[in-house]
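Subject: Structure handover

Hello,

Here is the structure we talked about, with my notes below it. Please look through them with the model open.

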Amino acid sequence: MTDIKAVVRVEHPDIVLTGTVTHDRSSKVRSVSEAGTDPTSGKFFYRIESSDFPRFEEGLRNDDTVGDFERVIETRDGEAIYSFEYTDDAKLLSPVISATNGVILDMENEGSAWILTVWMPERTDLAHLWDYARQNEIEIDLLRVNEYASLGNTDAGLTDSQREALLVAFERGYFEEPRDATLGEVAADLDISQPAASGLLRRGIKRLIVSSMMDDSEKSD
């Protein structure tokens with residue numbers, strides 16, 4: 001099996017949070033991949049940068065794709081972590097990707113468009129994403145794709161602990177949306193603390209991205 005790591009750009013007014021970032025054009029939204037989403041609550045976490053959080057939250061209140069939201073923590077001036085609940089009006093790409101056993105590794109906005117970094121077991125699985133986009137009138141462009149040997153057949157620079165953590169999290173459904181397992185459950189399976197599990201997953205994902213998507217000059221930087 002040859003896995004792929006692809007970077008795609010998508011745009012549609014009903015993609016979750018699009019109305020908000022259009023309202024507050026100073027905002028930068030990025031998914032928090034290591035956050036322990038509770039699958040029963042349906043909450044999803046994003047790291048937000050904005051020069052005007054009242055305007056950002058005004059956008060949230062008028063965004064048909066967002067239900068309840070909460071500012072969880074302010075990490076520094078101009079940056080905070082929010083939790084959101086999606087409405088039925090939101091167009092979600094994650095279920096399409098999950099249906100192929102793929103994973104969204106990263107999601108961030110570029111103006112009103114979204115840049116997604118996805119992992120999929122096979123290159124042909126990208127066709128399902130393109131079919132969904134076409135059926136829902138979503139603009140989609142492939143920015144970059146890399147093929148590499150399966151995670152089980154290459155270390156990709158991963159430590160044994162990082163590889164084990166990623167495989168356990170994947171098998172338990174931690175990368176599904178909504179998640180089938182919390183970070184605490186993954187940590188329990190690994191017999192380590194939640195912060196330790198979060199660190200292994202975060203560093204492992206970063207290592208995979210570096211090994212599969214950057215050329216040698218970028219890696220050295």
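Asp-14, Asp-64, Asp-88 and Asp-89 together make a negative patch on the surface. One of these residues, Asp-89, sits in the loop that runs between strand E5 (79-86) and helix H3 (94-99). Keep in mind that this is a predicted model.

Salt bridges

The whole structure contains 10 salt bridges. As background, side chains of opposite charge can pair when their charged atoms come close. The ones I looked at in detail are these.

Glu-79 and Arg-47 form a salt bridge through their side chains, with an N to O distance of 3.7 Å. This pair ties together distant parts of the chain, since Glu-79 belongs to strand E5 and Arg-47 to strand E3 (residues 43-49), 32 residues apart. Are the two partners buried or exposed? Glu-79 has a relative accessible area of 9% and is therefore buried, the cut-off for that class being under 20%. Arg-47, with 28%, is partly exposed.

Glu-57 and Arg-71 also meet in a salt bridge, at 3.1 Å from N to O. Here too distant parts of the chain are linked: Glu-57 is in helix H2 (residues 53-61) and Arg-71 is in strand E4 (residues 66-76), 14 residues apart. Glu-57 counts as buried because its relative accessibility is 16%. Arg-71 is partly exposed, at a relative accessible area of 29%.

Arg-71 is also bridged to Glu-74, where the closest N and O atoms are 2.5 Å apart. Elsewhere, Arg-9, Glu-11 and Glu-110 are joined into one network by salt bridges that share partners.

Helices H2 and H4

Which residues of H2 are buried? They are Phe-53, Phe-56, Glu-57, Gly-59 and Leu-60. Viewed down the axis of H2, these buried residues fall within an arc of 150°, so they line one face of the helix. The face turned away from that buried side carries the exposed residues Pro-54 and Arg-61. Glu-57, the salt-bridge partner of Arg-71, is thus among the buried residues of H2, with a relative accessibility of 16%.

Helix H4 (residues 126-135) has Leu-126, Leu-129, Tyr-132 and Ala-133 as its buried residues. Their arc around the axis is only 125°, which means that they lie on the same side of H4. Arg-134 and Gln-135 are exposed on the other side of H4. The general background is that an α-helix has 3.6 residues a turn, so residues three or four places apart point the same way.

Positive phi angles

Most residues other than glycine have a negative phi. Two residues are worth listing here.

- Leu-17 is not a glycine, yet has a positive phi of about 75°. Leu-17 is placed in the loop between E1 and helix H1 (18-23). With a relative accessible area of 0%, Leu-17 is buried.
- Glu-137 is not a glycine either, and has a positive phi of about 55°. Glu-137 comes just after H4, in the loop between H4 and strand E8 (139-149). At 68% relative accessibility, Glu-137 counts as exposed.

Buried residues and long-range pairs

Asp-3 is placed in strand E1 (residues 2-11). Is Asp-3 buried or exposed? Asp-3 counts as buried, because its relative accessibility is 1%. What separates the C-alpha atoms of Asp-3 and Met-120? The distance is 5.9 Å, although the two residues are 117 residues apart along the chain.

His-12 lies in the loop between E1 and H1, and Leu-17 is found in that loop as well. His-12 counts as buried, at 11% relative accessibility. The C-alpha atoms of His-12 and Ala-133 are separated by 9.4 Å, with their positions 121 residues apart along the chain. Ala-133 is itself one of the buried residues of H4.

Regards

Notes. Residues numbered from 1 in each chain as written. Predicted model: local features only at pLDDT ≥ 70, side-chain atom pairs only at ≥ 80, totals over all residues. Heavy atoms only, no water. Patch = residues over 30% accessible without salt bridge, like charges linked within 9 Å, V, L, I, M, F, W, Y side chains within 5 Å. Areas by Shrake-Rupley, 256 points an atom, 1.4 Å probe, with all protein chains shown as cover. Salt bridge = Lys/Arg side-chain N within 4 Å of Asp/Glu carboxyl O. Lys, Arg positive; Asp, Glu negative; His and termini not counted. Charge placed at Lys NZ, Arg CZ, Asp CG, Glu CD. Helix = DSSP H or I, 4+ residues; strand = E, 2+ residues; numbered from the N terminus. Buried < 20%, exposed > 50% of the residue type's maximum accessible area, 1.4 Å probe, protein only. Arc of directions from axis to C-beta.
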